[in-house]
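Open the model in your viewer and keep the sequence panel beside it. We will go from stop to stop, selecting residues and looking at what surrounds them.

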Amino acid sequence: MKSIRTTAAAAVMALTTTGVLSATGALAETKPAEVISTYADIALAGYEDSLATAKVLDTAIDKLIAAPSQETLEAARQAWFAARVPYQQTEVYRFGNAIVDDWEGRVNAWPLDEGLIDYVDASSYGTQSDENELYTANIIANTSLTINGETVDVTEITPDLLQNTLQEAGDVEANVATGYHAIEFLLWGQDLNGTDAGAGARPATDFDPANCTGGHCDRRVQFLSSASKLLVADLEEMVGNWTEGGAAREALVANGEAGALRTILTGMGSLSYGELAGERMKLGLLLHDPEEEHDCFSDNTHNSHYYDALGIRNIYHARYTRVDGSVVEGPSIAALVREADASVADELSGKLEATHAAFTELKTRGDESEAYDQMIGEGNEEGNAVVQAAIDALVDQTRSIERAVAALNLEALEVEGSDSLDNPGAVFE
């Protein structure tokens with residue numbers, strides 16, 4: 001963990017049950033309770049959109065299973081891409097909100113040892129791991145597994161089996177059997193292109209028991225269908241947590257106004273610094289490793305990172321554009337900071353815009369010229385520079401989040417750290 005320490009704000013500023021006192025002592029217009037409520041409303045909208053797009057994905061998967069073809073497989077892939085857009089914008093709700101962070105591994109755990117799930121290319125993937133006895137267990141090809149010395153029956157692949165037996169089997173985090181990335185692997189297969197162009201290229205016949213490639217097509221269909229249905233159920237749970245009276249909303253309010261504002265800023269800082277800038281970006285850039293990308297099977301990482309960064313900006317300004325184009329907005333952290341210290345507000349808004357510009361460049365490059373795994377490849381000076389600029393912008397905005405915490409006179413944050421940022425030498429040990 002990296003401690004972000006704040007000093008007392010120069011201006012006297014106190015949170016009250018009715019609002020914020022500015023440096024002049026006048027009652028500010030923005031009420032913390034309304035800021036907190038808007039934050040929760042945006043969470044609900046984001047998870048509702050995530051659920052709606054996951055249902056579209058589930059329908060597309062059902063169509064693939066019913067009539068396997070290149071067309072139905074491509075339709076399912078496009079639905080997966082669309083489902084990532086709203087979900088990635090919700091990741092800013094992690095870290096500060098324990099209910100979200102405890103749940104998140106069920107839907108977005110990464111990285112994963114895909115050999116747990118299905119066949120892999122041994123020449124690139126290897127055949128064993130000192131850290132994971134299930135590295136090449138291949139659930140789809142087997143009806144029983146040995147987990148921690150016990151034989152487990154996996155004859156029928158169900159949502160319950162995936163979630164309660166196989167997810168993090170053997171207490172290994174890389175044993176991912178649920179969520180977006182398990183589905184991604186099943187839809188694309190391994191990306192065997194390294195830092196050359198191209199994503200995974202699983203054939204549609206892998207899902208066709210009548211014309212099966214890859215073996216065990218009936219079980220692959222079971223796994224894909226179960227993972228998809230489970231994703232929908234998990235998102236339904238999180239939508240419920242953010243409705244009026246839901247557990248996540250109630251837990252946020254129970255923190256008190258200062259605690260809830262701190263929660264919001266913790267999510268912004270942790271996603272900016274340790275999670276996105278560090279673990280998801282700088283680590284892969286240091287290693288020039290195409291396996292160190294978030295959506296590694298589909299080559300969607302540039303979009304995944306873009307929408308993570310956009311989610312941080314959304315929360316600060318309390319404005320989220322829904323999948324249908326409607327907007328959820330209201331009183332914001334930005335307004336509170338402006339009323340406390342306009343210079344800090346200008347600084348942080350400017351840093352967020354600089355980050356948005358850097359990630360827009362990264363996204364445009366990913367859409368138009370080269371995938372993210374190519375950008376981080378060794379010797380790609382221009383691509384490396386685009387990624388590094390986005391990392392630098394995230395680190396820079398985190399420093400301004402620190403200043404916003406001080407301006408609001410909140411308790412110091414503990415944000416997620418990363419060796420890739422804090423101790424790069426350890427990455428190579």
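Select Val 221 and show what it touches. Leaving aside neighbours within four places in sequence, Val 221 is in contact with Ile 65 and Phe 207. Val 221 lies in helix 7. Is Val 221 buried or exposed? Val 221 is buried, with a relative accessible area of 14%. Now add Ala 248 to the selection. Val 221 and Ala 248 are 27 residues apart along the chain, and their C-alpha atoms are separated by 34 Å. Bear in mind throughout that this is a predicted model.

**Arg 219**

Stay in helix 7, which covers residues 217–242, and select Arg 219. Arg 219 is buried, yet it has no salt bridge. Which side chain of opposite charge is nearest to Arg 219? Asp 218 is, at 6.1 Å. A salt bridge here needs a nitrogen and an oxygen within 4 Å. Next, look for a backbone partner. The side chain of Arg 219 reaches the backbone oxygen of Ile 139 at 2.9 Å. Show the surroundings too. Not counting residues up to four places away in sequence, Arg 219 touches several residues, among them Ile 140, Asn 142, Thr 143 and Val 154.

**The hairpin**

Select residues 144–147, which are strand 2. Turn the strand and compare its faces. Leu 145 and Ile 147 point to one face and are buried. Ser 144 and Thr 146 point to the other face and are not buried. Now add strand 3, residues 150–153. How do strand 2 and strand 3 pair? They run in the antiparallel sense, over four bridges. Pick Leu 145 and look across: its bridge partner in strand 3 is Val 152. The two strands form a hairpin with two residues between them. Click Asn 148 in that turn, where phi is positive, about 50°.

**Gln 167**

Go to the loop between helix 5 (159–166) and helix 6 (180–188), and select Gln 167. At 14% relative accessibility, Gln 167 counts as buried. Which backbone atoms does its side chain meet? One is the backbone oxygen of Gly 105, reached at 3.0 Å. Another is the backbone nitrogen of Thr 178, which lies 3.2 Å from a polar atom of the Gln 167 side chain. Widen the view. Not counting residues up to four places away in sequence, Gln 167 also touches others, including Arg 106, Ala 109, Leu 162 and Asn 175.

**Salt bridges**

Time to look for charged pairs. How many salt bridges does the model contain? The count comes to 30.

Begin with Arg 322 and Asp 49. They form a salt bridge, with the closest N and O atoms 3.0 Å apart. Arg 322 lies in the loop between strand 4 (319–321) and strand 5 (327–329), while Asp 49 lies in helix 1 (residues 32–66), so the pair ties together parts that are 273 residues apart in sequence. Asp 49 is buried, with a relative accessible area of 7%.

Next, select Arg 77 and Glu 74. Their side chains meet in a salt bridge, 3.9 Å from N to O. Both residues lie in helix 2 (residues 70–89), three residues apart, about one turn of the helix. Why can such a pair meet? An α-helix has 3.6 residues a turn, so residues three or four places apart point the same way. Colour the pair by accessibility. Arg 77 is buried, at 7% relative accessible area. Glu 74 is partly exposed, at 33%.

Now pick Arg 280 and Glu 275. This salt bridge has its closest N and O atoms 3.0 Å apart. Arg 280 is buried, and so is Glu 275. Add Glu 91, Arg 94, Asp 101, Glu 104 and Asp 308 to the selection: salt bridges that share partners join these residues with Glu 275 and Arg 280 into one network.

**Helix 9**

Select residues 256–287, which make up helix 9. Where does helix 9 bend? The bend is at Gly 278, by about 45°. Helix 9 is mostly covered, with 25 of its 32 residues buried. Step just past the end of helix 9 to His 288, which takes a positive phi of about 50°.

**Last stop**

Finish at Asp 102 in helix 3 (residues 98–108). At 67% relative accessibility, Asp 102 counts as exposed. Select Tyr 316 as well. Asp 102 and Tyr 316 are 214 residues apart along the chain, and their C-alpha atoms are separated by 23 Å.

Methods. Residues numbered from 1 in each chain as written. Predicted model: local features only at pLDDT ≥ 70, side-chain atom pairs only at ≥ 80, totals over all residues. Heavy atoms only, no water. Bend = angle between axes of the 7 residues up to and from the residue. Buried < 20%, exposed > 50% of the residue type's maximum accessible area, 1.4 Å probe, protein only. Lys, Arg positive; Asp, Glu negative; His and termini not counted. Polar contact = N/O pair within 3.5 Å; in protein donor to acceptor, adjacent residues only side chain to side chain. Contact = heavy atoms within 4.5 Å. Pairing = 2+ DSSP bridges.
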